[in-house]
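Here is a short report on a protein model and its ligands. Look over the sequence and structure first, then read on.

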Amino acid sequence: MKVFITRRIPQEGMKILSQAGVCKVSLWDSDEPVPRAELLKGVEGAHGLLCLLSDKIDTEVLDAAGPNLKVISTLSVGFDHMAMDEIKKRGVRVGYTPDVLTDATAELTVALLLATARRLPEGVVEVKNGGWSTWKPLWLCGYGLSGSTVGVIGLGRIGMAIARRLKPFGVKRLLYSGRTARSYAAEVDGEYVPLDTLVSESDFVVVSCALTPETQGLCNKDFFSKMKNSAVFINTSRGAVVNQEDLYQALSSGQIACAGLDVTTPEPLPTDHPLLTLKNCVVLPHIGSATYSTRGIMAELSANNLLAGLQGTDMPSELKF
Ligand code: NDP
Ligand code: DGY
C-alpha cells in the first residue's frame, strides 16, 4: 500500500512504518510545508496520508487521492484543518493524537500566562538594552495568580490540565465555560458559568477550546469590551478563535491589560503585524506540544494510527465523527 507523509517527522514514527513492512512510504522530505501542487501529486492513489495541522485536507486533496484512500492520520489533536464531512462521506478513517500532548501544552500555557502577566519578555529586553537602571518600586509590575479568578474557555483535556496546574498558585475561583457542565471539574472546584460571566469576572481568561464554526471569532470586540481592564488574555487553542483586529484595539486602548498567544492567523504571523508592535502582547510560534519526547510520542501514535487504518484494525486513537 502507498502512503504519503507531508513533512519530515520524528524518527520514532518513521521507524514504526518502515519496520511494519506493509506500506511504501513517500515523504515530503523537508521541515517546510509541502507546496499544494506537491501535496496533490504526492497523495495520488495513496491508501494512507499522514498530515500536519498546516495541511488543508479538503475535497481537492481527497479527489486527488482517489478511491484507494482508507486512512488519514494527523500529527495533531486539532482537526479543524480537515473537511470532516467530505472525509466521512468517503468512508475514510481518521487518526489523531489526543492525550499524549496534553501535559506539554498545558505546561506551555502556564509558562505563557506567567511570562505575559509578569512581563518577562519586556524585562529580558530591558536588561539587554540598558533600560535596567536600578530597582524601582513602580517598574515592570504585572499581575499575579494568587487570589485571582481564572476563566477557562473549553475545559477539555488540555483545559483541565491547565486548571490543575494553575490551582496551586493560589487561584481563588476557577470558572469555565463550554457546551455543557463537566463532573470532572469538581477536582479543581470549577464553576460552570455562562461565557459572559466568565469574561467579565475573570482576571485571567484562558482559551483552550477546539476551533469549530461556533468558536470561530468568539473572542471579538464585544468579548474584549466585557473583560476587566486589568485582565490577562491567553490563547493556546487556534488563532481563528480570536478576532485579531479587535484584540489589537483592546490591547492598544487599554481595554485589557495584556495577551499571550501561542496561535495566530495566519501562521507564521507576518513580522510587520500590528500585534507585534505591542509591548503587552507576547506571541509564540505555536509551540504548545514542542517537547522532544511529546513530539516523538505523537509521531509514534500517528504512525500506529496510520498502520491500523491501512490494515483495517483498531486504531490506538481514532477520531469518531
Ligand atoms: P478536547 O476535545 O478535550 O477539548 C476541547 C474543548 O473545546 C472541550 O472542552 C469543549 O467543551 C470545548 N468546546 C467545543 N465547542 C465549544 C464551544 N462552542 N464553546 C466553548 N467551548 C467549546 O481537546 P483538547 O483539550 O485535547 O485540545 C483542545 C484544542 O487545543 C485542540 O482542538 C487544538 O486546537 C488546541 N491545541 C493547541 C496546541 C498548541 O500547540 N498550542 C497543542 C494541542 C492542542 P464542551 O465539549 O464542554 O463544549
Ligand atoms: C495540535 O495537536 O492540535 C497542536 O496544535 C499541535 O500539537
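## Cis prolines

P266 sits in the loop that runs between β11 (258-261) and β12 (281-283). The model is a predicted one. The peptide bond between T265 and P266 is cis, and its omega is about -5°.

A second cis bond involves P268. The bond runs from E267 to P268, with omega near 0°. P268 also has its place in the loop between β11 and β12.

## A positive phi

R119 is not a glycine, yet its phi is positive, at about 60°. Where is R119 found? R119 lies in the loop between α5 and α6 (120-129).

## Ligand 1

Ligand 1 has 26 residues around it. G156, I158, R179, R182 and D262 come nearest. By class, the shell around ligand 1 holds seven nonpolar, 13 polar and six charged residues.

Oxygen atoms of ligand 1 have polar partners in both backbone and side chain. At G156, a polar backbone atom is 2.9 Å from an oxygen atom of the ligand. At A210, a backbone N or O atom lies 3.1 Å from an oxygen atom of ligand 1. At R238, the partner is an N or O atom in the side chain, 3.2 Å from an oxygen atom of ligand 1. How much of ligand 1 does the protein cover? On its own, ligand 1 has 920 Å² of accessible area, and the protein covers 89% of that.

## Ligand 2

The residues around ligand 2 are L53, S76, V77, G78, L101, R238, H286, S289 and M298. R238 is thus listed here, and its side chain also has the contact with ligand 1 given above. The shell of ligand 2 divides into four nonpolar residues, four polar ones and one charged one.

Three polar pairs at 2.7 Å can be picked out around ligand 2. V77 contributes a polar backbone atom, 2.7 Å from an oxygen atom of ligand 2. H286 contributes a polar side-chain atom, again 2.7 Å from an oxygen atom of the ligand. S289 does so too, with a polar side-chain atom 2.7 Å from an oxygen atom of ligand 2. Of the 230 Å² of accessible area that ligand 2 has on its own, the protein covers 90%.

## Helix packing

Two packed helices are described by the angle between their axes and by the distance between those axes.

Take helix α1 (residues 11-20) and helix α11 (residues 292-311). Their axes are 7 Å apart, and the helices pack at an angle of about 30°. Roughly parallel or oblique? Angles under 35 degrees count as roughly parallel, so α1 is roughly parallel to α11. The crossing of these two helices is right-handed. Helix α11 spans residues 292-311, and M298 is one of the residues around ligand 2.

The other pair is helix α5 (residues 102-117) with helix α7 (residues 157-166). Their axes lie 8 Å apart, at an angle of about 55°. That angle makes α5 oblique to α7. The crossing in which α5 passes α7 is right-handed. Helix α7 spans residues 157-166, and I158 is among the residues that come nearest to ligand 1.

Methods:
Residues numbered from 1 in each chain as written. Chains lettered and ligands numbered in written order. Predicted model: local features only at pLDDT ≥ 70, side-chain atom pairs only at ≥ 80, totals over all residues. Heavy atoms only, no water. Near = heavy atom within 4 Å. Polar contact = N/O pair within 3.5 Å; in protein donor to acceptor, adjacent residues only side chain to side chain. Areas by Shrake-Rupley, 256 points an atom, 1.4 Å probe, with all protein chains shown as cover. Nonpolar A, V, L, I, M, F, W, Y, C, P; charged D, E, K, R; others polar. Axes fitted to C-alpha atoms, helices over the stretch in contact; angles between N-to-C directions. Helix = DSSP H or I, 4+ residues; strand = E, 2+ residues; numbered from the N terminus. Parallel < 35°, antiparallel > 145°, perpendicular 65-115°, else oblique. Left-handed = near helix turned anticlockwise from the far one by under 90°.
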